[in-house]
2 protein chains.
Amino acid sequence: MRTTREILLETKKALPALAASKEKKNAALEAIANRLLAEKDEILKANAEDVEAAREHLGDVMIDRLTLTEKRIGDMAKGVLDVAALPDPEGRVLKRIERPNGIVIEKTSVPLGVVAIIYESRPNVTSDAAVLALKSGNAVILRGGREAFRSNEAIVKAIKHGLADAGLPEELVGFIEDTDHRSADEIMKAVGLVDLLIPRGGAGLIRRCVENAIIPCVQTGTGICHIFVDESADQEKALRIIENAKTSRPSVCNAEEVLLVHEAIAGEFLPKIKALLVDEREAKGLQPVELRLDEKAADIIPGTLAGPLDFDTEFLDYILAVAVVKDADAAISHIAEHSTGHSEAIITEDAGNAEKFTSQVDSAAVYVNVSTRFTDGGEFGLGCEMGISTQKMHARGPMGLEELNTYKYVIRGDGQIR
Amino acid sequence: MRTTREILLETKKALPALAASKEKKNAALEAIANRLLAEKDEILKANAEDVEAAREHLGDVMIDRLTLTEKRIGDMAKGVLDVAALPDPEGRVLKRIERPNGIVIEKTSVPLGVVAIIYESRPNVTSDAAVLALKSGNAVILRGGREAFRSNEAIVKAIKHGLADAGLPEELVGFIEDTDHRSADEIMKAVGLVDLLIPRGGAGLIRRCVENAIIPCVQTGTGICHIFVDESADQEKALRIIENAKTSRPSVCNAEEVLLVHEAIAGEFLPKIKALLVDEREAKGLQPVELRLDEKAADIIPGTLAGPLDFDTEFLDYILAVAVVKDADAAISHIAEHSTGHSEAIITEDAGNAEKFTSQVDSAAVYVNVSTRFTDGGEFGLGCEMGISTQKMHARGPMGLEELNTYKYVIRGDGQIR
């Protein structure tokens, strides 16, 4: 087994070859897509071993996330071609300044350098992260979870073959062979070797990165998303949006976790919520949503009384915390106190409250009359994403290709001095 | 004395008042400028005490940086008005995306929140930092150095009076009263209270922030700037640029520290450098530049033989490290190994080498036939700067008002679900 440091060093060393061969990037992505398809038997075999080993300790949802099929590998390869078709983020002139002294300053987008990602069980992240990094001109360090190790290794092998087919060094994609904490810790301290670390996984991983990383790190993906139903809301619209935000895919970060309802309509609206999310779902044989109610909501509908942590928990499940609030200001204050800064929505027909909510709520995505489920690189038209940033520095919300670039100033002149 | 934590809490609490009164920002800056002028006697008196106390342990250059005069306070007030006159960075729609489903996504610039700056002796940084933060919609935490404590306190008093005059809370500018390491360490860990930390000072301070801060931090200002004189250079142009970059103000971060000369012209060019930077300066009674030469350069001109650290030191003095390199590729490699990522220049008449240098050198500012001294917010036309970022995340190079903003996505629709 090679050490993490050896892999970091060889990835850094390979980077100039990518900078010198920008024109080969798309050919490399096409070759990678072909290799993923050509090597699907090896990938499926490795994945079957991972799944077999994981059955003992993972639940059904996690096993499903881990499992690859011929179709999923096909989707992976198609995803690679989709990224290849996106505009190249490198070399855009973001701003051009001509100064009175004749110098011309071009603020120009350039790759970050080496991007590292530490992620958990889904093996398709391996190819997504690698091709997003490569398309944006970066080398990449992949440090996946233990459960998907064999699958990731087989996918990386195919990616490296694709790079070689296109005449690029295989070392542009560095695969960390050690999946214990030490390798993650070593990446977090890799000053000069890694330009950006993206932790993608549970709250524990992200906290460890924030506390221990001395290289730049973007926090991603924790979403305690709120929907506030204003007094003036179109209640039918509100019901459709909440049903979508809570139940279409509860395990993802842009799903709704908290419902805030204006007190003037709570008596009318909350029974409709209970009917929609509990009674109708039960009648249809679907899993009902467990409602965790603050005291005012519990006076109106039946449900579990919310405990002290229920408004600060990312459930990722069929659970919804519900509170009755005095007005839009109270909703905004509640969100300021409890949100993770991911996505929040107001359902309102009042333009003033919509304006107040969008200007005062300090989250990556703030919605008016739209489901929070749209916070996603694809849905935003960015084509794809490396993760959803919940911090304010560098990138906020979905991180696509442009967010994997930085810029530099290129200044041309004819002997100017100051 | 109030504790650092008390000040952080009250600053955070004051922030919404600024968000709710954006239209008062310029009036507040004008009131601050007036107050700086009106309270100049108090400021000068406080400064005289600082200077008196510092004479024992600070050298002349540092005493000069610390000293305020009536004219310098006038310049400070004028600087405040210059910032007021700049375009408001808040609320710009950076990108507008209409999706096929009818939702409209606006990527909109918004303030970071609370910006903290830890800085050393120059008291004018106090007003610069405060007004840049306020103009961009941020509250600010100021933690200056011990030597300038009384001066900073008097300046902050005037600023707070100006805020009050304009009907804004004085707490928007938080002045840390404790100047020992503990207050700096507390800011570095102030998760949830400070959105961005900008250390502005020596390498030791910046290293401490990078290693210890768990809140986002932008490294600024360390500049080991290189100038490479290519075989094809217009040598007269090169001499003018090097004289400017090395001697016009050696104590600043955009001054040249290292000269790289193509071996094909070193025999002709280096004697001109010695004549210009040593002999002519001596003849004029100016401080000559000490040349620290690698072995090849030392074969051509007299000077000190460079020690192992001379190519990795920010001298901030009349000292220049000189090396002879094989070609542009060797210059680029030398820079990759030794640069701090601030500013580098190539002097060349060869378009291919200019292109190679600008595309391969990975620094915030890369120059062709221009002095590195232009890396500055004012010279770039940004109006001003909070510091020069030498990192790649969030902002690179001069940080002006736009770089003190982040963005959020505001999404409007009519009931869209996914």
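In this predicted model, the C-alpha centres of domain 1 of chain A and domain 2 of chain A are 34 Å apart. The domain assignment builds domain 1 from two segments, 4-220 and 386-412, while domain 2 covers 225-374. Where these two domains of chain A meet, six residues come from domain 1 and seven residues from domain 2. On the domain 1 side of this contact, the residue classes are two nonpolar, three polar and one charged.

Turning from the domains to the chains, 52 residues of chain A are in contact with 52 residues of chain B. On the chain A side, at least two residues each are supplied by the helices α9 (203-212), α10 (235-247) and α14 (351-360), and likewise by the strands β13 (365-370) and β16 (405-416). Of the elements of chain A, β16(A) gives the most to the side that touches chain B, namely 11 residues. By class, the chain A side of this interface divides into 24 nonpolar, 15 polar and 13 charged residues.

The strand β13(A), one of the contributors just listed, also takes part in strand pairing across the two chains. Its partner is β16 of chain B, residues 405-416, and the two strands run parallel, joined by five bridges. Within this pairing it is helpful to pick out one position: Tyr367(A) stands opposite Ile411(B), a residue of β16(B).

Note on methods: Residues are numbered from 1 along each chain as its sequence is written. Chains are lettered from A and ligands numbered from 1 in the order in which they are written. This is a predicted model: local features need pLDDT of at least 70, side-chain atom pairs count only at pLDDT 80 or more; totals for chains, interfaces and linings use all residues. Domain bounds come from an automatic or database domain assignment. Ala, Val, Leu, Ile, Met, Phe, Trp, Tyr, Cys and Pro count as nonpolar, Asp, Glu, Lys and Arg as charged, and the others, Gly among them, as polar. Helices (H or I, at least four residues) and strands (E, at least two) are DSSP runs, numbered from the N terminus. Two strands pair if DSSP finds at least two bridges between them.
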